[in-house]
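Please open the model in a viewer and keep the sequence panel visible beside it. The tour below proceeds by selection, one stop after another.

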Amino acid sequence: MNPPKFTTLGCRLNAYETEAMRELSQQAGLTDAVIVNTCAVTAEAVRKARQEIRKLRRENPNARLIVTGCAAQTEPQTFAEMEEVDAVIGNTEKMRPETWKGMAADFIGETEAMQVDDIMSVTETAGHLIDGFGTRSRAYVQVQNGCDHRCTFCIIPYGRGNSRSVPAGVVVDQIKRLVDRGYNEVVLTGVDLTSWGAGLPASPKLGDLVMRILKLVPDLPRLRISSIDSIEVDENLMQAIATESRLMPHLHLSLQHGDDLILKRMKRRHLRDDAIRFTEEARKLRPEITFGADIIAGFPTETEAHFENSLKLVTDCDLTWLHVFPYSKREGTPAARIPQQVNGKVIKERAARLREAGDTQVARHLAAQLGKTHHILMENSHMGRTEQFTEVTFANAQPEGQIVTAAITGVRDQQLVA
């Protein structure tokens, strides 16, 4: 009787939820099973999920194969029809103890082969909290799930449902437990993190949560926040950026494009100047802050001039860490119905140019760190990350999970050397 095996595709939130499912399945006594937690962000992600399922079936011919995650939520029939798949469960069901108790029972007559409810009907907060997912040094805490926005390119709301938040008191209690267990850094995660609090009493903002954590958990050395929508950043979050050294000076921004017309066609809530204004203001408050960003290349109707505005945004906002997404047509989204789709070769070429611009920005950032001293959280004995999330390698072993102070002496392969 072997413990279940998990494969995670896609985002950090998926990885967090895989750890929650691991706990739930073990508590239920599930054995001899393979669980695939899928991603649906692009059509390519769904294709890769199918490939992975076939590969896992070949490697585990006698195991029960269960598919879950965003692709399972948005396209349940696609996976239910695969002969390799024994069961499909949705994003809500995968976080319920009773689901895994049913899976641990005999499949025949005990458990429905497809359990995928209407995700839009889910109103409860992100439920299952785990004490310590990540490295021994860094833990991830899910504080929000779902999204109320409907960007024209995005399938994620149909996989995650509407936005709901974990109450601040629950979050604080969990972070206290993590600190007691020795974690030196906590990362707040969610699908649309800056919408945190909208459904809670008094409608608090993300900045309120950040300030509350830093006040009530004084022993927490480092707090990070993951991807945010800069147009929704509130006054308290800006205050925290300016005054709280324990809030790490690195923000990943959901920008998506640098041209106002394309942003409107994407149904984004910001314009180009809003993004530039935010990065300039944040940098005035915290000069050492670095920014990452998501940018899509080849959105329908994108001309070369539109694309050049995205390329220019990389330097206008002084972005360092780029996540470049070649536009992928997702059936069921408004963007998929736009007649003027961009040629695939053009999309690929533009994505490559964006990545090249990103590499140039990384090189500039790394070169600027030479001779500086950083506080580095060690992820393993020879690699850690600075406050700005830059990787640092060490020739001599360092204590894993600890924050060490070191001077930067060199640069190698997009990493700093100490």
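Which residue in strand 12 is the bridge partner of histidine 252? Select histidine 252 and look across to strand 12: the partner is glycine 292. Before this region is explored further, please note that the model is predicted.

**The whole chain**

Display the entire protein chain as a cartoon. It contains 13 helices and 19 strands. Along the principal axes, the C-alpha atoms fill a box of roughly 65 × 55 × 50 Å. For 418 residues, a compact globule would have a radius of gyration near 22 Å, and the chain agrees with this because its own value is 22 Å.

Next, show the surface. The protein chain exposes about 18,000 Å², of which carbon and sulfur atoms supply 50%. Of the 418 residues, 56% count as buried. Among contacts with a separation of 6 or more, 74% are between residues 24 or more positions apart. If the charged residues are coloured, 51 positive and 55 negative charges appear, and their mean positions are 2 Å apart.

**Strand 12 and its partners**

Return to strand 12 by selecting residues 290-297. Is this strand mostly covered or mostly open? Strand 12 is mostly covered, with eight of its eight residues buried. Turn the view to inspect each face. On one side lie Thr290, Gly292, Asp294 and Ile296, and on the other Phe291, Ala293, Ile295 and Ala297; both faces are covered.

Add residues 250-256, which form strand 11. Strand 11 and strand 12 pair in the parallel sense, over six bridges; the pair of histidine 252 and glycine 292, seen at the start, belongs here. Now add strand 13, residues 321-326. Strand 13 is also joined to strand 12 by six bridges in the parallel sense. To locate this pairing, select isoleucine 296 and find phenylalanine 325 opposite it in strand 13.

**Two residues with positive phi**

Stay with strand 11 and select glutamine 256, which is found in that strand. Its phi is near 75°, a positive value in a residue other than glycine. Most residues other than glycine have a negative phi. Glutamine 256 counts as buried because its relative accessibility is 8%, and the cut-off for buried is under 20%.

Then select aspartate 318, in the loop between helix 12 (304-316) and strand 13. Aspartate 318 is not a glycine either, yet has a positive phi of about 50°. Why does aspartate 318 count as partly exposed? The reason is its relative accessibility of 29%, which lies between the limits of 20% and 50%.

**Arginine 269**

Move to the loop between helix 10 (260-266) and helix 11 (272-285), and select arginine 269 there. At 28% relative accessibility, arginine 269 counts as partly exposed. Which residues does arginine 269 contact, leaving aside its neighbours within four places in sequence? They are His149, Cys151, Asp229, Ile231 and Glu232. For a sense of distance, select proline 287 as well: arginine 269 and proline 287 are 18 residues apart in sequence, and their C-alpha atoms are 26 Å apart in space.

**Strand 9 and its partners**

Select residues 185-189, which make up strand 9. Five of its five residues are buried. Glu185, Val187 and Thr189 lie on one side, with Val186 and Leu188 on the other, and both faces are covered.

Show strand 6, residues 138-142, beside it. Strand 6 runs parallel to strand 9 and is joined to it by five bridges. In this pairing, valine 141 has leucine 188 as its bridge partner. Then show strand 10, residues 222-225, which runs parallel to strand 9 and is joined to it by four bridges. Here valine 187 stands opposite arginine 224.

**The sheet of strands 1 to 5**

For the last stop, select strands 1 to 5. In what order do these five strands form their open sheet? The order is 1-2-3-4-5, and the pairing is parallel. Strand 1 (5-8) and strand 5 (114-115) are the edge strands, each pairing on one side only. Inside the selection, find strand 2 (residues 33-38) and strand 3 (residues 64-69), which pair in the parallel sense over six bridges. Finally, highlight alanine 33, which stands opposite arginine 64 in strand 3.

Methods
Residues numbered from 1 in each chain as written. Predicted model: local features only at pLDDT ≥ 70, side-chain atom pairs only at ≥ 80, totals over all residues. Heavy atoms only, no water. Rg over C-alpha atoms; globule rule 2.2 N^0.38 Å. Buried < 20%, exposed > 50% of the residue type's maximum accessible area, 1.4 Å probe, protein only. Contact = heavy atoms within 4.5 Å. Areas by Shrake-Rupley, 256 points an atom, 1.4 Å probe, with all protein chains shown as cover. Lys, Arg positive; Asp, Glu negative; His and termini not counted. Charge placed at Lys NZ, Arg CZ, Asp CG, Glu CD. Pairing = 2+ DSSP bridges.
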